[in-house]
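Me: Please take one part of this model and go through it closely. I care about pockets and the packing around them, with every cut-off stated.

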Amino acid sequence: EAGAQAYPSKPIRMIVPQGAGGSTDIVARLIAQKLGEALGQQVVAENRPGAGGIIGVDTAAKAAPDGYTILFGSSTTVAANVSLYSKVPFDPVKDFTPLAMAAAAYFVFVVNPSLPVSNMKELIALAKSKPGQLNYGSGSSSAQICTEMFKSLAGVNITMIPYKSTPQALSDLVAGQLQVLCEPVTTAMPNVKAGKLRALAVTSPKRTVMAPDLPSVAEAGVPGFEYVAWVGFFAPTGTPKDIAAKLSAEIIKVLKQPEVVEK
């Protein structure tokens with residue numbers, strides 16, 4: 001009991017295995033601020049991008065299990081990367097204690113407006129007429145899995161261009177260096193509304209309230225397609241049970257705050 005009562009007595013770092021400015025980072029910073037207010041100690045979001053998130057997750061896995069390091073992990077950085085990379089230096093099941101699920105997110109396929117396509121069927125036709133000539137950006141494992149699933153189901157060849165972070169891929173798409181991107185709805189839609197990008201379809205199984213005018217990819221010509229990503233909080237294995245329980249309870253309270261829900 002004494003452990004959780006005296007905890008926290010110093011700032012807590014929240015490792016975000018993505019670059020600054022992306023959708024995951026925006027959510028992480030909001031929660032870090034609110035969690036800090038609730039715990040009475042600063043919670044510092046620390047970006048550790050690179051290697052598709054492996055660097056950040058590995059840093060968290062090897063951190064002291066004392067409650068002063070937590071990870072904002074995702075379905076790609078904590079789960080899918082184990083299958084995407086031949087060797088991953090951590091075991092997501094053995095090395096982490098899950099604290100709370102934060103959110104599930106859908107993505108949207110966006111193209112540069114100069115690309116002569118206005119829907120998924122036209123994109124598929126164009127990609128088939130120019131095999132390997134269209135480029136897509138992969139600033140996260142989510143962007144990669146989402147697009148590779150689409151390529152596999154639609155039977156098209158689009159070349160992957162790797163990026164260190166999602167915002168870099170997004171700015172290159174706006175600049176016309178890329179043609180296609182599978183991007184979270186939250187960060188893609190402002191660019192679509194501003195006329196900088198054209199949205200084709202959402203990756204949810206049905207239409208989403210965030211973009212009601214857009215068909216789902218499945219509805220737009222790729223039956224069976226669906227992609228959803230999740231983000232959640234983890235502590236290194238060995239973190240005292242009372243401290244993990246306290247963190248879990250406080251994070252869940254923060255996630256229920258109206259401002260956080262809205263964001």
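Reply: The pockets come after a short overview, and the packing follows them.

This is a predicted model, so local features need pLDDT of at least 70, side-chain atom pairs count only at pLDDT 80 or more, and totals for chains, interfaces and linings use all residues. Residues are numbered from 1 along each chain as its sequence is written, and side-chain values use heavy atoms, with hydrogens and water left out.

Confidence comes first. pLDDT is the predictor's confidence in each residue, from 0 to 100. Its mean over the chain is 93, and 98% of residues reach 70 or more. Helix H1 (residues 2-6) has the lowest confidence, with a mean of 70, while helix H5 (residues 120-129) has the highest, at 98. Where pLDDT is low, predicted coordinates should not be read in detail.

Now the frame. The chain has 10 helices and nine strands. Both are DSSP runs numbered from the N terminus: helices are H or I with at least four residues, strands are E with at least two. The radius of gyration is 19 Å, close to the 18 Å from the globule rule for 263 residues, so the chain is as compact as a globular protein of that length. That radius is taken over C-alpha atoms, and the rule is 2.2 Å times the number of residues to the power 0.38. The C-alpha trace spans about 65 × 40 × 30 Å along its principal axes. Of the 263 residues, 52% count as buried. Buried means under 20% relative accessible area, exposed over 50%, and partly exposed in between (1.4 Å probe, protein chains only).

Next, the pockets. On a 1 Å grid over the protein atoms alone, a pocket is an open set of points with protein on both sides within 12 Å along at least five of seven lines; a cavity is a set where a 1.4 Å probe fits but cannot get out; lining residues have an atom within 4 Å of a point. Grid points are joined across faces, edges and corners, and the volume is the space filled by probe spheres set on them.

The largest pocket has a volume of about 860 Å³. It is lined by 45 residues, and Ser23, Thr24, Val27, Ala105 and Val231 are the closest to its centre. Helix H2 (residues 23-39) gives the most to this lining, with seven residues. By class, the lining has 22 nonpolar, 19 polar and four charged residues. Ala, Val, Leu, Ile, Met, Phe, Trp, Tyr, Cys and Pro count as nonpolar; Asp, Glu, Lys and Arg as charged; the others, Gly among them, as polar.

Ser23 also has a partner in helix H8 (residues 185-193). Thr186 lies in that helix. Setting aside neighbours within four places in sequence, Thr186 contacts Ser23 and Met210. Contact means heavy atoms within 4.5 Å. Thr186 counts as partly exposed because its relative accessibility is 44%.

The second largest pocket has a volume of about 170 Å³. Its lining holds 14 residues, with Gly52, Tyr85, Ser138, Gln144 and Tyr163 nearest its centre. Helix H6 (141-154) and strand S6 (159-162) are the elements that give two or more residues to it. The classes are six nonpolar, seven polar and one charged.

Gly52 leads to helix H4. Asn81 is in H4 and counts as buried because its relative accessibility is 0%. Beyond four places in sequence, Asn81 touches Gly52, Gly53, Ile54, Thr76, Val88 and Ser141. The buried residues of H4 (residues 75-84) are Ser75, Thr76, Thr77, Val78 and Asn81. They pack against helix H3 (54-61), strand S3 (69-74), H6 and strand S9 (228-236).

H3 is mostly covered, with seven of its eight residues buried. Those seven are Ile54, Gly56, Val57, Asp58, Thr59, Ala60 and Ala61. They pack against S1, S3, H4, strand S4 (96-111) and S9.

H6 contributes Ser142. Ser142 is buried at 6% relative accessible area. Again leaving out residues up to four places away in sequence, it touches Thr76, Phe107, Tyr227 and Ala229. Thr76 is thus a shared partner: Asn81 touches it, and Ser142 touches it too.
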